[in-house]
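User: I am learning how descriptive words are applied to a protein structure, and I would like to see the reasoning behind them. Could you take me through it step by step?
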Amino acid sequence: MPPLCDVEGQDRALEGLKRALKGQRLHHAYLFAGPDGVGKRLAAQGLAEALLCEHPLDDGDACTQCKACRRVAEQQHPDLHVLERQDRPDGKGLERQIKIDQVRALQRALSFKSFEGGRRVVLLLEAEAMNPATANALLKTLEEPGDDTFFVLVSHAPNRLLPTILSRCQRVRFGPLSRAYVTRRLTELAELTPDAGALLAGLSEGSIGRGLALASSGLLARRAELIAAIDDPHGLRRLDALSELADQLGRDKAELPLFFLLLRTWYRDLLLLQAGRPAEALVHQDLADRARRSAAEVPFSAIDHRLALIQATERDILDGNANARLFLERLFVHLVDDARAIRAGSAR
Ligand SMILES: [Zn+2]
């Protein structure tokens, strides 16, 4: 578990926290909020280590060498309490929610003296996974934490937290990581060529975690082929071929988020070109020639409309459990119809 100074690419988010740590002016409860895979959890663990360290450095960060630091790193420190979704008893993944029993067990543990006679740290990961009853139970503890107890809530969806919880926490905003930084890290971590790292960084929208998940996806190798199938400026594509593609994609729901990401980033690239941005700003830089052709042929309003269709279909399928094959097919028909209408309009 790295100390706080090892969390890279989040200087702006962590600056205030480091100052508070150095000056011993910490709040009792923090909310680390921001997209997945940008270092929130790493920072929360780093803060826990700094708070429990026996010989903190001059800047307040953890020494990483003492017994306390080693125990925090192994998640074995008796005064570090981590609340997160538990494994389901049937072994099929994680529970959907953090349980109220977990909060009650925490409260019992906090009602005793700390083991080491010093600070205690509670890390609450995926804080949005608390239902209102659980959150209300936690609220009592957040309101009267005791002098040496510190809470760090971590969430990618802080809008799902109760306002009463939010008002108790000092919010630290974690933004998407810079493209240059994500490119460098992904290239190192997934052992990619710089070009592949740059593509993945563009697709991952500032999240190392998402980039790593994408690196192992089979759809990535088929990117150029998929874009060629969908990007059809004149609506000349045969619908039965697209229907087959919908069928194929609909069968592997795990790959669908990446498919939508490919489509969205493609059309966004076209909009960037129309706005006069250089090829270096594109996600699909290696397909820049194709993108330039399409951007020259399809009007802005049509691209914008297609982007909206894609996003609506993505929401229907991924959030709304709509039939993937059916909705994809409907999307493809819309895209072709749209292109044909433009062609008919310009031929008149
Ligand atoms: Zn230490």
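Analyst: What follows is a conversation about a predicted model, in which each term is set against its cut-off.

User: What makes up the secondary structure of the chain, and how many of its residues are buried, as a percentage?

Analyst: The secondary structure comes to 15 helices and five strands, and of the 348 residues of the chain, 46% count as buried. The C-alpha atoms fill a box of roughly 80 × 40 × 35 Å along the principal axes.

User: How do you know that the end-to-end span of helix H14 agrees with its number of residues?

Analyst: Helix H14 covers residues 300-319, which is 20 residues, and at 1.5 Å a residue these should span 28 Å. The C-alpha atoms at its two ends are 28 Å apart, so the expected value and the computed one agree.

User: Why are the buried residues of H14 said to line one face of the helix?

Analyst: The buried residues in H14 are Ala302, Ile303, Arg306, Leu307, Leu309, Ile310, Thr313, Glu314 and Ile317. When one looks down the axis of H14, these buried residues fall within an arc of 160 degrees, and therefore they line one face. The face turned away from that buried side carries Ser301, Arg315 and Asp319, which are exposed. After H14 comes Asn321, with a positive phi near 60 degrees.

User: Why are helices H7 and H9 called oblique to each other?

Analyst: The axes of H7 (residues 179-189) and H9 (residues 208-215) come within 10 Å and cross at roughly 45 degrees. Angles under 35 degrees count as roughly parallel and those of 65 to 115 as roughly perpendicular, and an angle of roughly 45 degrees belongs to neither group, so H7 and H9 are oblique. The crossing of H7 past H9 is right-handed, and the two helices meet through Tyr181, Val182, Arg185, Leu186 and Leu189 in H7 and Ile208, Gly211 and Leu212 in H9.

User: Which helices do the buried residues of H8 pack against?

Analyst: In H8 (residues 194-203), the buried residues are Gly197, Leu199, Leu200, Ala201, Gly202 and Leu203, and they pack against H7, H9, H10 and H12. Just after H8, Glu205 takes a positive phi of about 50 degrees.

User: At what angle do H10 and H12 pack, and which residues make the contact?

Analyst: H10 and H12 pack at about 65 degrees, with their axes 11 Å apart, and H10 passes H12 in a right-handed crossing. On the H10 side the contact is made by Arg223, Leu226, Ile227 and Ile230, and on the H12 side by Phe259, Leu262, Leu263, Trp266 and Tyr267.

User: Why is Thr64 called partly exposed, whereas Glu191 is called exposed?

Analyst: A residue is buried under 20% relative accessible area and exposed over 50%, and partly exposed in between. Thr64 has a relative accessible area of 31%, which lies between those limits, so Thr64 is partly exposed. Glu191, at 74% relative accessibility, is over the upper limit and therefore counts as exposed.

User: What makes the phi angles of Thr64 and Glu191 worth a remark?

Analyst: Most residues other than glycine have a negative phi. Thr64 is not a glycine, yet its phi is positive, about 70 degrees, and Glu191, also not a glycine, has a positive phi of about 50 degrees. Thr64 lies in the loop between H2 and H3, while Glu191 lies in the loop between H7 and H8.

Key. Residues are numbered from 1 along each chain as its sequence is written. This is a predicted model: local features need pLDDT of at least 70, side-chain atom pairs count only at pLDDT 80 or more; totals for chains, interfaces and linings use all residues. Side-chain values use heavy atoms; hydrogens and water are left out. Helices (H or I, at least four residues) and strands (E, at least two) are DSSP runs, numbered from the N terminus. The expected span of a helix is 1.5 Å times one less than its number of residues. Buried means under 20% relative accessible area, exposed over 50%, partly exposed in between (1.4 Å probe, protein chains only). The arc is that of the directions from the helix axis to the C-beta atoms. Axes are lines fitted to C-alpha atoms, for helices over the stretch in contact, and angles run from 0 to 180 degrees between N-to-C directions. Angles under 35 degrees count as roughly parallel, over 145 as roughly antiparallel, 65 to 115 as roughly perpendicular and the rest as oblique. A crossing is left-handed if the near helix is turned anticlockwise from the far one by less than a right angle, and right-handed if clockwise. Contact means heavy atoms within 4.5 Å.
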